[in-house]
Amino acid sequence: MYLFFITETFEMLMRQAENYTSMLFCNTYRNMAVEAATAVQEFFTDVGLFVFGIDISTEELVNRFFDTLFPLVYNHLINPGLTDISLEYSECIRMSQRDISPFGNVPKIVMGQMGRSLLSSRTFLQALNLGIEVINTTDHLQFSKDCSRALLRMQYCPHCQGMTLSKPCMGYCLNVIRGCLANMAEIDLHWRRYIQSLEELSSAMHGTYDIEHVLLNFHSIVNDAVTQASINGPKVTEQVNKICGHPVRKTTLSPGYSDQNKDNQGMKMPARDNEETLANRRKEFMKSLRLYKTFYGGLADQMCINELAAADGLACWNGEDVVKRYFFTL
């Protein structure tokens, strides 16, 4: 259940971060918003694929985004009066991004943040799935013939003597159930270490290791990158001309450029529900999981105490007869 909530919250986070980035272009860079939409969508799709286990290079997905963004920034901001650039020339500009570095060190910063936070989240989700596999496997435990006979004797032999309401004595119950669950008890140490590792990983997921912080601030970093490329426009243009040459195109004013910064109120950032944050979901899950840290080691005790064995002071079945009290020595 908690895995579902965490996965659902992550998907909501992805959509919110994508909306923030789309709004950046709609509000601040309207003239390139339509063209940028595909790049934004593909970027967050790749992020989601990586977190859910698909082998994608985080460096490559960041580079692809800024590669695609560069021709848009170049045509609409750096040289806004020049349009009708050929596809070949746009492709040349796109491929030159990594050599020219129009966005300064922003792509490298994003690579570092994405690499750390996405890997942490991916590892956390994979660990949760591993835990589910362990639980599902032990949920279908097959008992041995000896165990089945011991359970049958413990539960039903008193019925043959007409004592249908008698439950097994605590010591007798523990003896039988612990024997039946011996293999489960061997999991205990590994289960405890598994939960401890999850706790350590969860505690480390903050700052640049917190995917929520990184993704929801992505739009701000993109804005810094676009601003930096625009400021360095003359130098960037000179470098592009050296690599791609001078394009032949007609001179017109790029639609929407003249008022792109006059109205930044077109779309509002949606308010976030603090209770629905990924960090809060993760904390709730870890708080719940800690309650089951001793689950496998104490399973036999819990079964006998809560359900199978007779309460203290009541007559109970000791495997041979019904007695008032059954003393059991471990």
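Is C147 buried or exposed, and at what relative accessibility? The exercises below use a predicted model.

**Exercise 1. Classify C147, then trace its disulfide.**

Step 1. Recall the cut-off: buried means under 20% relative accessible area.
Step 2. C147 has 6% relative accessibility, so this cysteine counts as buried.
Step 3. Find the partner. C147 is joined to C180 by a disulfide, with 2.0 Å from S to S.
Step 4. Place both ends. C147 sits in helix α6 (residues 145–160), and C180 sits in helix α7 (residues 170–180). The two are 33 residues apart, so the pair links distant parts of the chain.
Step 5. Check C180. Its relative accessibility is 13%, so C180 is buried.
Step 6. Read the handedness. The torsion about the S-S bond is about 115°, so this disulfide is right-handed.

**Exercise 2. Describe the disulfide between C92 and C244.**

Step 1. Start with the bond. The S to S distance of C92 and C244 is 2.0 Å.
Step 2. Take the torsion. It is -95° about the S-S bond, and the link of C92 and C244 is left-handed.
Step 3. Locate the ends. C92 belongs to helix α4 (residues 87–100) and C244 to helix α11 (residues 233–244), so the disulfide ties together parts 152 residues apart in sequence.
Step 4. Classify each end. C92 has a relative accessible area of 23%, so it is partly exposed. C244 has 16%, so it is buried.

**Exercise 3. Do the same for C173 and C304.**

Step 1. A disulfide joins C173 to C304, with 2.1 Å from S to S.
Step 2. The torsion about the S-S bond is -90°, and this link is left-handed.
Step 3. C173 lies in helix α7 and C304 in helix α13 (residues 299–308), so parts 131 residues apart in sequence are tied together.
Step 4. Both C173 and C304 are buried.

**Exercise 4. How many disulfides does the whole structure hold, and what pattern do they follow?**

Step 1. A search of the whole structure finds four.
Step 2. Count the bonded cysteines along the chain. The pattern reads 1-6, 2-5, 3-8, 4-7.

**Exercise 5. Describe the surroundings of E199.**

Step 1. E199 is found in helix α8 (residues 182–204).
Step 2. Its relative accessible area is 17%, so E199 is buried.
Step 3. List the contacts, leaving aside neighbours within four places in sequence. E199 is in contact with M286, R290 and K293.
Step 4. Look at R290 again. The side chains of E199 and R290 make a polar contact at 2.7 Å.

Key
Residues are numbered from 1 along each chain as its sequence is written. This is a predicted model: local features need pLDDT of at least 70, side-chain atom pairs count only at pLDDT 80 or more; totals for chains, interfaces and linings use all residues. Side-chain values use heavy atoms; hydrogens and water are left out. Helices (H or I, at least four residues) and strands (E, at least two) are DSSP runs, numbered from the N terminus. Buried means under 20% relative accessible area, exposed over 50%, partly exposed in between (1.4 Å probe, protein chains only). A polar contact is a pair of N or O atoms within 3.5 Å; within protein, one must be able to donate a hydrogen and the other to accept it, and residues adjacent in sequence count only if both atoms are side-chain atoms. Contact means heavy atoms within 4.5 Å. A disulfide is a pair of cysteine sulfur atoms within 2.5 Å.
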